[in-house]
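Work through the exercises below with the sequence and the 3D view at hand. Try each task before you read its solution.

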Amino acid sequence: MKKAYASAPGKVILVGEHFVVEGCPAIAVAVDVRARVTAERIEGEHVRVYSRELGEAVFGPGVGGGPLYPVYVAAREVIQRSGERIGLKITVESDIPPSAGMGSSAAVAVATVAATAKLLGLALTPDEVAQLALAAEVVVHGKPSGIDPTVSSHGSAILFRKGDKPKRINADFEQVRLVLADSGIQRSTGKLVSKVLETKKKFPGILEPLYRSATELAERTKEALENGDFATVGELMNINHGLLSALGVSNAKLEELVYAAREAGALGSKITGAGGGGMVVALCWREDADRVARALSKVAARVMTASVSEEGVTCGLES
Ligand code: PMV
């Protein structure tokens, strides 16, 4: 029996999370930590999902819910697009820490869409893969901007703005590393996004200028990346962290991690993703990454060092 496989990278948002939900630009990079999915046909019209971490579940019309449901939704989008009536077995494996701001659910959805499309003989562009995966992201956290599936599908570094075609940023990341430190605090992206939107509604005159700052900040970061000026990128990441604190998504643990990274010599450090817990990212020169990682490991639940991955989603067939 034919089997299709796909893999997709996790992501780190360098600048612009939360602001991106309201239409500001943001910059995200794909990183070298991936989710892998296989898809094969089975009898009937149900979708069976297996995960190393989350067990197994069976889905079909009227059968939904649970942590594996978004995987089914991603596969269902592709089955509907193909017009076929089939049963599927989907197997998921991910090295991306879940609920930590590294886009694990989006990477799984993107790999699921790509593997299912490959199995059914549908040729999709990276933008189409991201678009279909977005349906699963809506199940996970309600009002996603779409940045996570877009960067996971394209790879590399992307300037993303809702409704616009994503722009690839030409930058050479060879001399830098991203050190990621996990606060160990689980949080819900959906709840944090709603909280920020409520605060914006309550104090529009105060928060709207921050959204204008975030727009210029993303544009200046793109320029600095293209010029290889990572010192300026770090400085802009620090300012971005201040804007996120003003939105109310930081806490004592995240501040501790952010300052531990800066004191150990990071070029810049900030919350990455929704905040409230999850991870902070520190941008470091390659030769400083170990020192920053060691300093963070004294105060973080887990520390990872990642490189930017040029490779977005990939897929193939095995027999
Ligand atoms: O789910 P996370 O932590 O990777 O956060 C995604 C980034 C947000 O801007 C907070 C939400 C979104 O959909 O863009």
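**Exercise 1.** Which backbone nitrogen lies 3.4 Å from a polar atom of the side chain of E137? Then describe the surroundings of E137.

Solution. The model used here is predicted.
Step 1. Locate the residue: E137 belongs to helix α3, which covers residues 126-141.
Step 2. Look for a polar partner of its side chain. The backbone nitrogen of A106 is 3.4 Å from a polar atom there.
Step 3. Look for a charged partner. The nearest side chain of opposite charge is that of K11, at 7.3 Å. A salt bridge requires a nitrogen and an oxygen within 4 Å, and E137 has none, although E137 is buried.
Step 4. List the contacts, leaving aside neighbours within four places in sequence: S105, A106, G142, P144, D148 and P149.

**Exercise 2.** What is the volume of the largest pocket, and which residues are closest to its centre?

Solution.
Step 1. The volume of the largest pocket is about 930 Å³.
Step 2. The lining consists of 45 residues, and those closest to the centre are S99, S104, S105, A106 and V140.
Step 3. Sort the lining by element. Two or more residues come from each of β1, α1, β5, α2, α3, α4 and α5. Among these, α2 gives the most, with 5 residues.
Step 4. Compare with Exercise 1: S105 and A106, which are in contact with E137, are also among the residues closest to the pocket centre.

**Exercise 3.** S99 and S156 each have a positive phi. Where does each lie, and is each buried, partly exposed or exposed?

Solution.
Step 1. Recall the background: most residues other than glycine have a negative phi.
Step 2. Take S99. Its phi is near 50 degrees, and S99 sits in the loop between β5 and α2. Its relative accessibility is 37%, so S99 counts as partly exposed.
Step 3. Take S156. Its phi is near 65 degrees, and its place is the loop between α4 and β6. With a relative accessible area of 3%, S156 is buried.

**Exercise 4.** How many salt bridges are there, and which parts of the chain do the pairs E17–K270, E45–R85 and R52–D95 tie together?

Solution.
Step 1. The general idea is that side chains of opposite charge can pair when their charged atoms come close. The count for this model is 23 salt bridges.
Step 2. E17 and K270 form a salt bridge with an N to O distance of 2.9 Å. E17 is in the loop between β1 and β2 and K270 is in strand β9, so this pair ties together parts that are 253 residues apart in sequence. Both E17 and K270 are buried.
Step 3. In the pair E45 and R85, the closest N and O atoms are 3.3 Å apart. E45 is in the loop between β2 and β3 and R85 in the loop between α1 and β5, so the parts tied together are 40 residues apart in sequence. E45 is partly exposed at 42%, whereas R85 is exposed at 67%.
Step 4. R52 and D95 meet at 3.6 Å, N to O. R52 is in the loop between β3 and β4 and D95 in the loop between β5 and α2, so the parts joined are 43 residues apart in sequence. R52 counts as exposed at 53%, and D95 as partly exposed at 41%.
Step 5. Place the last pair in its setting: R36, R52, E53, E93 and D95 are linked in a network of salt bridges.

Definitions and conventions: Residues are numbered from 1 along each chain as its sequence is written. This is a predicted model: local features need pLDDT of at least 70, side-chain atom pairs count only at pLDDT 80 or more; totals for chains, interfaces and linings use all residues. Side-chain values use heavy atoms; hydrogens and water are left out. Helices (H or I, at least four residues) and strands (E, at least two) are DSSP runs, numbered from the N terminus. Buried means under 20% relative accessible area, exposed over 50%, partly exposed in between (1.4 Å probe, protein chains only). Lys and Arg count as positive and Asp and Glu as negative; His and the chain ends are not counted. A polar contact is a pair of N or O atoms within 3.5 Å; within protein, one must be able to donate a hydrogen and the other to accept it, and residues adjacent in sequence count only if both atoms are side-chain atoms. Contact means heavy atoms within 4.5 Å. On a 1 Å grid over the protein atoms alone, a cavity is a set of points where a 1.4 Å probe fits but cannot get out, and a pocket is an open set with protein on both sides within 12 Å along at least five of seven lines; lining residues have an atom within 4 Å of a point. Grid points are joined across faces, edges and corners, and a volume is the space filled by probe spheres set on the points.
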